[in-house]
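Here's a quick briefing to read alongside the structure. Take a look at the picture below, then work through the bullets.

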Amino acid sequence: MTPPNSKLVEINFDGIVGPSHNYAGLSLGNIASASHKGDPSYPRAAALQGVAKMRGNLARLGVQGFLLPLPRPNGLLSSVLAYDGSEAPQLRAAPWSASSMWTANAATVSPAADTADGTCHLSPANLVTMLHRAQEWPDTKRMLDIAFGDSDHFTVHGPVPPTFGDEGAANHMRLCEGHGNKGVEVFVYGKTSGTFPARQHEQASRLVARVHGLDPAACVFIEQNPAAIEAGAFHNDVVSVANERVLFTHAEAFADQAGAYDAIRAAFPALEVVEVPSAEVSLAEAIRTYLFNAQLLTLPDGGMALIVPEECRESASVWAWAEKMMASNGPIRDVIPVDVRQSMANGGGPACLRLRVVCDPAAVDPRFMLDESKADLLEHVIGDTWPEQIDPADIGKDTLAAQVIAARAALLQALDLSELI
């Protein structure tokens, strides 16, 4: 076993919900997004909910990072689309999308302990399946280049070719004995066979593994269950999540559930599976409540906690299972609900809102690291500048565009990150 690096810790980089947060229903296969299409959104409340979640994890773990909203409306995309009102309103809304808040899709991350050159590798996701997300990667890479600019510790790549759809860490899991140890990286891909597209291509996952210099013997490639995709699990992290030696998963997450466990155990014999049976929590209810789109965290005392959306506590079947699990002697000792309802209404739970990076915190640009005073600063700027409400008819208006642009600029100036304006 490779000795662990004691300076390496897992940092959750949460996305700050942007001032253009809206419900345009742009994401095919995302049931929550579709069901709330046309509803008014509340960007200020959404962003403050996200900061509150970050504060909680900062208190639990002692370390927390964040990533910033991307420039919106995207003038370049608007120009390319040449929208004149004669086409579907989704073309008008795409340049306004705040979906970069879900940083689980920002990139795939391989810690230094796993890579051939001993640096942490990050590959921004191309997100080519959806127009409103495909616009993100150039600005995401600009930000990653700054936040993780120390070349002694990080290597930031470009995206995989757009022929292969890549949706980032939402389809990637890592198993290890400790975050600083060499781990096994699990890539979950889909195959389109029904109404909804499979967004993660197998070749995208394999290409990322090669670019990151991973040991082929420490990589596992697994097909997602087509029935889960059809039910609304557009990313793997809607039906499974891993942390250290634990895989927390629904019984219908993978195309071959038993085969998936066998493949992972062949590379990582210490695997401990916590499987939720369909008879106790249906696939539909797991997706509706985002039970698996949770942050599975190792606490300082070595126990694990599951950070779930408040919707889980409101579900009789989900909460009954959670209480039974907490009463057992399993590895997950606590389930902690958080309020991220504004994100949930657009199809993103606690896990969607964060990108996991194992690294030495001192190697990260400190402007992207949270402490209590910076959390206060974020709340102050958001409270003063983020729109309180956006109605569907507001999208495309010059007055809203001016407010959104000014709000983001105020945040960047407050954080001394004006180079991103």
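Let's begin with one sheet: β12, β13 and β14 form an open sheet of three strands in that order, with mixed pairing. Before going further, note that this is a predicted model, where local features need pLDDT of at least 70, side-chain atom pairs count only at pLDDT 80 or more, and totals for chains, interfaces and linings use all residues. Residues are numbered from 1 along each chain as its sequence is written, and side-chain values use heavy atoms, with hydrogens and water left out.

**The β12-β13-β14 sheet**

- Helices (H or I, at least four residues) and strands (E, at least two) are DSSP runs, numbered from the N terminus, and two strands pair if DSSP finds at least two bridges between them.
- β12 (295-298) and β14 (332-338) are the edge strands with a single partner strand each, so one side of each has no neighbour in the sheet.
- From one strand to the next, the twist averages 25°; axes here are lines fitted to C-alpha atoms (for helices, over the stretch in contact), and angles run from 0 to 180 degrees between N-to-C directions.
- β12 and strand β13 (residues 304-309) run antiparallel and are joined by four bridges.
- One residue pair to look up is L296 and its bridge partner in β13, L306.
- Helix α2 (residues 43-61) packs on this sheet and touches β12, β13 and β14, with its direction at about 20° to that of β12. Contact means heavy atoms within 4.5 Å.

**The β6-β7-β8 sheet**

- Another open sheet has three strands in the order β6-β7-β8, again with mixed pairing.
- Its edge strands are β6 (172-175) and β8 (219-223), each pairing on one side only.
- The twist averages 25° from one strand to the next.
- β7 and β8 run parallel, joined by five bridges, and E185 has C219 in β8 as its bridge partner.
- Helix α7 (residues 202-211) lies across β7 and β8 and runs at about 155° to β7.
- α9 lies across β6, β7 and β8, running at about 175° to β8.

**Zooming in on V184**

- You'll find V184 in strand β7 (residues 184-189).
- Is V184 buried or exposed? V184 counts as buried because its relative accessibility is 5%; buried means under 20% relative accessible area, exposed over 50%, and partly exposed in between (1.4 Å probe, protein chains only).
- Setting aside neighbours within four places in sequence, V184 is in contact with M173, R174, L175, A218, V220, A267 and F268.
- V184 and H157 are 27 residues apart along the chain, and their C-alpha atoms are separated by 21 Å.

**A parallel pair and its crossover**

- Strand β10 (residues 246-250) pairs with strand β11 (residues 272-276) in the parallel sense over five bridges.
- In this pair, F248 stands opposite V274 in β11.
- From β10 the chain crosses through helix α9 (residues 257-267) to β11, a right-handed β-α-β crossover: with the strands pointing away from the viewer, the path from the first strand over the helix to the second runs clockwise.

**The whole chain**

- The protein chain has 15 helices and 15 strands.
- Its C-alpha atoms fill a box of roughly 55 × 45 × 40 Å, taken along the principal axes.
- Buried residues make up 58% of the 421 residues.
- Among contacts between residues at least 6 apart in sequence, 77% join residues at least 24 apart.
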